[in-house]
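Biologist: Could you pick one part of this model and walk me through it slowly? I'd like to hear how the strands fit together, and then what lies around them.

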Amino acid sequence: MHRFLLTPRWWGINVFVALGVPFCLFMGTWQLGRFEDRVDSHKEATGARPADRAAAPLDSLLPVDKNTSGRLASVSGEYADQMLVPERRLDGKSGFYVLTLLRTDSGRAVPVVRGWLPGTADAGRAPAAPAGRVEVTGALQASENSSSKGVYSSGGLPAGQLGVIGAASLVNIVPYGVYDAWLTVQTPADGLTPVPAQAPVNTGLDLKAFQNLGYTGEWFVFAAFVLFMWVRLYRREVETLRDAEAGLLTGEPAAAAPAGAGPA
């Protein structure tokens with residue numbers, strides 16, 4: 001009765017199932033691993049914050065990655081150009097960052113967010129940076145880009161304002177090199193509110209993380225569906241053969257009733 005499993009049609013079905021089920025299980029396991037990696041990164045970023053460690057020289061923490069993002073970095077130099085970063089929210093309120101470029105001994109400058117002020121960006125309200133040589137300690141942050149959360153990427157800002165904090169947006173504004181990172185001072189002065197350090201990129205449980213979890217379920221459902229369809233086809237084939245052996249299948253379709261014929 002089971003010789004039908006060796007027919008070309010069933011060879012094709014069996015090969016498809018033998019390849020499809022492991023593939024679906026592999027893809028489901030891979031998506032689950034991606035989700036678990038994001039969970040681990042989220043725990044690491046929100047657990048023991050690197051900013052609690054002792055400050056380290058800025059150059060020793062570059063380039064910024066998920067291990068150095070948020071670490072306290074120290075650097076010395078002299079403050080130079082000051083800019084405002086508008087439309088930044090803090091504690092549910094809209095305001096602006098006061099950003100000042102600190103020129104180091106290397107000749108390059110590091111953007112330093114000295115604090116936040118509520119309301120519309122106004123250079124007259126921003127306190128001037130200290131004069132002379134200073135040593136700054138702040139939480140290290142990776143450069144922003146146009147897709148970073150909370151940035152102003154529409155353009156058209158007035159002179160002295162910056163929408164995205166990063167070397168790419170400053171290279172055409174200042175005549176000196178800029179570090180591909182920035183610092184946020186955690187103990188500002190002059191009435192400024194400190195800007196907290198942000199978690200490293202791709203370490204949060206965002207929509208993308210739960211998409212990985214959803215894809216995991218989908219791939220496992222696909223594997224179960226392939227097995228279900230194979231069992232269903234197998235049972236239908238066996239039932240058809242048994243009906244044929246029992247003489248229940250005539251092999252001829254029933255004759256159609258004449259048009260217009262009424263009930264017997």
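**A walk through the strands**

Modeller: Sure. From the N terminus on, the elements of the chain run α-β-β-β-β-β-α-β-α. That makes 3 helices and 6 strands. Keep in mind that this is a predicted model. The chain has 264 residues, and 35% of them count as buried.

Let's start just ahead of the long run of strands. The loop between β1 (56-57) and β2 (72-90) is where you'll find Pro 63, and the bond to look at there is the one joining Leu 62 and Pro 63, a cis peptide with omega at about -5 degrees. As a reminder, most peptide bonds are trans, and most residues other than glycine have a negative phi. Both points are handy for what follows.

Next come β2 and β3 (93-104), which pair in the antiparallel sense over 10 bridges. To get your bearings on that pairing, find Gly 77, which stands opposite Thr 104 in β3. The hairpin these two strands make has 2 residues between the strands. In the loop there sits Asp 91, whose phi is positive at about 55 degrees although the residue is not a glycine. Is Asp 91 buried or exposed? Its relative accessible area is 73%, over the 50% cut-off, so Asp 91 counts as exposed.

Now stay with β3 and look at its other neighbour. This strand is mostly covered, with 9 of its 12 residues buried. On from β2, it is joined to β4 by 9 bridges, again running antiparallel. A good marker is Thr 100, whose bridge partner in β4 is Val 112. The hairpin of β3 and β4 has 4 residues between the strands, and here it is Gly 107 that takes a positive phi, near 95 degrees. Close by in sequence is Arg 108, which lies over the face of Tyr 179, 4.0 Å from the ring centre.

Val 112 is worth a second look, as it also leads you to β6 (181-184): in that strand its bridge partner is Leu 183. Here the direction changes, since β4 (residues 109-118) and β6 pair in the parallel sense, over 2 bridges. Where else does Leu 183 have a bridge partner? Leu 140 is the answer, and it belongs to β5 (residues 133-142), which is joined to β6 by 4 bridges and runs antiparallel to it. So much for the partners of β6; now its side chains. Ala 181 and Leu 183 point one way from the strand, Trp 182 and Thr 184 point the other way, and all four are buried.

After β6 the chain enters the loop that leads to α3 (207-245), and Asp 190 lies in that loop. Like the hairpin aspartate, Asp 190 is a residue other than glycine with a positive phi, in this case near 60 degrees.

That loop brings us to a pocket. The second largest pocket has about 200 Å³ of space. Which residues are closest to its centre? Of the 13 that line it, they are Tyr 79, Arg 114, Pro 130, Val 185 and Ala 189. Two of these have a contact of their own: the charged end of Arg 114 sits over the ring of Tyr 79, 6.0 Å from its centre. Taken by element, β5 gives the largest share of the lining, with 4 residues. Taken by class, the lining has 8 nonpolar, 2 polar and 3 charged residues.

Finally, a glance at the helices. Across the whole structure there are 4 aromatic pairs. In one of them, the ring centres of Phe 23 and Trp 219 are 5.6 Å apart and the planes stand at 85 degrees, so this pair is edge-to-face. Phe 23 is in helix α1 (residues 8-46) and Trp 219 in helix α3, so the pair ties together parts that are 196 residues apart in sequence. Phe 23 is partly exposed, at 44% relative accessible area, and Trp 219 is partly exposed too, at 21%. A stacked pair is formed by Trp 230 and Tyr 234, with 5.4 Å centre to centre and 5 degrees between the planes. Both lie in helix α3, 4 residues apart, about one turn of the helix. Add Trp 10 and you have one aromatic cluster of three residues.

Definitions and conventions. Residues are numbered from 1 along each chain as its sequence is written. This is a predicted model: local features need pLDDT of at least 70, side-chain atom pairs count only at pLDDT 80 or more; totals for chains, interfaces and linings use all residues. Side-chain values use heavy atoms; hydrogens and water are left out. Buried means under 20% relative accessible area, exposed over 50%, partly exposed in between (1.4 Å probe, protein chains only). Two strands pair if DSSP finds at least two bridges between them. On a 1 Å grid over the protein atoms alone, a cavity is a set of points where a 1.4 Å probe fits but cannot get out, and a pocket is an open set with protein on both sides within 12 Å along at least five of seven lines; lining residues have an atom within 4 Å of a point. Grid points are joined across faces, edges and corners, and a volume is the space filled by probe spheres set on the points. Ala, Val, Leu, Ile, Met, Phe, Trp, Tyr, Cys and Pro count as nonpolar, Asp, Glu, Lys and Arg as charged, and the others, Gly among them, as polar. Rings of Phe, Tyr and Trp (its six-membered ring) pair if their centres lie within 6.5 Å; planes under 30 degrees apart count as stacked, over 60 as edge-to-face and the rest as tilted. A charge sits over a ring if NZ of Lys or CZ of Arg is within 6 Å of the ring centre and within 35 degrees of the ring normal.
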